[in-house]
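Colleague: I would like to learn how to read pockets and burial from a set of coordinates. Could we work through one example together?

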Amino acid sequence: NTNCAACHGKDGKGVTKAGRMAGVKDLTDADYQKSFTDERAFEQIKNGFKDDKGKEKMKAFADKLADADVTALVAYVRGLKK
């Protein structure tokens, strides 16, 4: 709720103002979930995500979350799938 919900929403659908501005994908969509691996999700949570032009789309959480916490968060995200 503290770090993720502003963009991803409490339900993971990304229909917040910040989520729409950043182009956040619907984490509850099974087809979208198939498009990335757990390793990729871990990497993006840990190190952030930039678009092809280098613009930051998601900040890094390496300084706030331990690896075990990131792994648990990936599992949580997987649980959002319909």
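Modeller: By class, 22 nonpolar, 8 polar and 6 charged residues make up the lining of the largest pocket in this predicted model.

Colleague: How is empty space found at all, and what volume does the largest pocket have?

Modeller: Rolling a probe the size of a water molecule over the atoms shows where empty space is left. Here the largest pocket comes to about 950 Å³. Of its 36 lining residues, the closest to the centre are C4, H8, V24, L27 and M58.

Colleague: Which helices and strands each supply at least two residues of that lining?

Modeller: The helices are α1, α2 (17-22), α4 and α5 (67-79), and the strand is β2 (56-58).

Colleague: Take C4, then. Where is C4 found, and which residues does C4 touch beyond four places away in sequence?

Modeller: C4 sits in the segment before α1 (5-8). Leaving out residues up to four places away, C4 touches G9 and L73. C4 and I45 are 41 residues apart in sequence, and their C-alpha atoms are 9.9 Å apart in space.

Colleague: Is C4 buried or exposed, and why?

Modeller: Neither: C4 is partly exposed, because its relative accessible area is 31%, between the cut-offs of 20% and 50%.

Colleague: And K46: buried or exposed?

Modeller: K46, in helix α4 (residues 38-47), has a relative accessible area of 16%, which is under 20%, so K46 counts as buried.

Colleague: Which residues does K46 touch, not counting those up to four places away in sequence?

Modeller: K46 touches A60, F61, A62, L65, A66, D67 and V70 on that count.

Key
Residues numbered from 1 in each chain as written. Predicted model: local features only at pLDDT ≥ 70, side-chain atom pairs only at ≥ 80, totals over all residues. Heavy atoms only, no water. Buried < 20%, exposed > 50% of the residue type's maximum accessible area, 1.4 Å probe, protein only. Contact = heavy atoms within 4.5 Å. 1 Å grid on protein atoms, 1.4 Å probe; cavity = no way out; pocket = protein on both sides within 12 Å on 5 of 7 lines; lining within 4 Å. Points joined across faces, edges and corners; volume = space filled by probe spheres on them. Nonpolar A, V, L, I, M, F, W, Y, C, P; charged D, E, K, R; others polar.
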